[in-house]
Amino acid sequence: MGVYAVTGSASGMGAAVCERLRAAEHDVVTVDIRDADVIADLSTPAGRRTAVEKVLAASGGRLDGAVLAAGLGPAPGRERPALVTQVNYFGVVELLEGWRDALAAAGNAKVVVFGSNSATTMPLIPARAVAALLAGDSERALRTYRIFGRNAPTMAYGASKVAISRWVRRRAVEPEWVDAGIRLNAIAPGAVLTPLLEKQLATPGEARAIRAFPVPAGGYGDPGLLADWVIHMLSPAADFMVGSVVVVDGGSDAWFRADDWPGPVLARRLRGYLRKMREFRRVS
Ligand code: NAD
């Protein structure tokens, strides 16, 4: 049986993942700001260091997998963009960087990061903020949200999810991860009925926006069903799955973006494509 680290374990989809892992007799090291083996505030660098160190100590330096589910939604408030940025982006990147050697030690570890379909269905997420996050510059990202006024937390949420999904796809194919047997993938849920969504539904303005949002399948996702997808992505079924973003959102992404992806490599992208061909280091 394996050893898995799960952040955001105290609630919602993280809790549902833990329940399933334990039912399959795996050891789970839980990380959350409350009710967890490792109590750590992932919105601070010190909290993230604590999470890295205590999980390494509890797992004996070997992890068969990790699920990064801790996250904050786009609630109102001046401090919210910074909090969302720290937890949703740096609370994933710094933990995975700190756990990489432990994941490599397992030889075939699987990692699932929680993105969101907001990354592809929310309009006008500032590309400059995404670039700033990927460059590790949270202050520059935060400056770009100012022009959005009271929508700044929503933009910070969207940008954190685009950036973390891209970070996953970039790292997933790097030798440091893929050659170490680590399979790094993301899941992109739509609206799932967890305490995070319940809080949003309790705010009349947000509730109106959520209810008006197109979901072809109707209703909300069930946290347990999302956890089932995560468990599958932690299993040997994911041995050949690298850098995928699995969208489970009742069809919202397909509604808005059906013609965007899959798509051909356009003529204006051909030069970059050929450069990637040349850069590839092995012949299988
Ligand atoms: P949830 O609120 O039920 O659980 C999130 C967990 O993260 C909580 O246990 C919370 O304590 C923890 N957390 C928050 N801030 C923290 C901090 N500073 N330090 C440590 N832990 C902290 O939420 P959920 O809906 O289960 O969300 C799980 C993930 O899925 C999140 O990343 C969220 O952004 C993403 N997501 C959720 C939805 C949805 O509709 N519920 C949709 C798309 C993506």
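How many aromatic pairs does the count come to? In this predicted model, the count comes to 3 aromatic pairs. Two of them are worth a closer look here, before the text turns to the ligand.

One of the pairs brings together Trp167 and Trp177. Their rings sit 6.0 Å apart, centre to centre, with 80° between the planes. Planes over 60 degrees apart count as edge-to-face, so the Trp167 and Trp177 pair gets that label. As for where these rings come from, Trp167 belongs to helix α7, while Trp177 belongs to helix α8, which spans residues 175–178. The pair therefore ties together parts that are 10 residues apart in sequence. Are these two tryptophans buried or exposed? Trp167 has a relative accessibility of 2% and counts as buried. Trp177 is buried too, with a relative accessible area of 2%.

Next come the rings of Phe213 and Phe256, whose centres are 5.5 Å apart. Their planes meet at 40°, so this pair counts as tilted. Phe213 sits in the loop between α10 (204–212) and α11 (223–234), and Phe256 is part of helix α12, residues 252–257. That means the pair ties together parts that are 43 residues apart in sequence. Here the surroundings look like this: Phe213 is partly exposed, at 30% relative accessibility, and Phe256 is partly exposed as well, with a relative accessible area of 41%.

Now for the ligand. Which residues come nearest to it? There are 28 residues around the ligand, and Ser11, Met13, Asp32, Val192 and Thr194 are the ones that come nearest. Sorted by class, this shell holds 16 nonpolar, 9 polar and 3 charged residues. Some helices chip in more than once: α1 (12–23), α7 (152–172) and α9 (195–201) each supply at least two residues of the shell. Helix α7 has already come up, as the home of Trp167.

Zooming in on single atoms, Thr194 turns up again. An N or O atom in the side chain of Thr194 is 2.5 Å from an oxygen atom of the ligand. The backbone joins in as well. For Ala40, a backbone N or O atom lies 3.4 Å from a nitrogen atom of the ligand. For Gly71, a backbone N or O atom lies 3.4 Å from an oxygen atom of the ligand. How much of the ligand's accessible area does the protein cover? On its own, the ligand has 820 Å² of accessible area, and the protein covers 94% of that.

Notes: Residues are numbered from 1 along each chain as its sequence is written. This is a predicted model: local features need pLDDT of at least 70, side-chain atom pairs count only at pLDDT 80 or more; totals for chains, interfaces and linings use all residues. Side-chain values use heavy atoms; hydrogens and water are left out. A residue is near a molecule or strand if one of its heavy atoms lies within 4 Å of it. A polar contact is a pair of N or O atoms within 3.5 Å; within protein, one must be able to donate a hydrogen and the other to accept it, and residues adjacent in sequence count only if both atoms are side-chain atoms. Accessible areas come from the Shrake-Rupley method with a 1.4 Å probe; for residues, only the protein chains shown count as cover. Helices (H or I, at least four residues) and strands (E, at least two) are DSSP runs, numbered from the N terminus. Ala, Val, Leu, Ile, Met, Phe, Trp, Tyr, Cys and Pro count as nonpolar, Asp, Glu, Lys and Arg as charged, and the others, Gly among them, as polar. Rings of Phe, Tyr and Trp (its six-membered ring) pair if their centres lie within 6.5 Å; planes under 30 degrees apart count as stacked, over 60 as edge-to-face and the rest as tilted. Buried means under 20% relative accessible area, exposed over 50%, partly exposed in between (1.4 Å probe, protein chains only).
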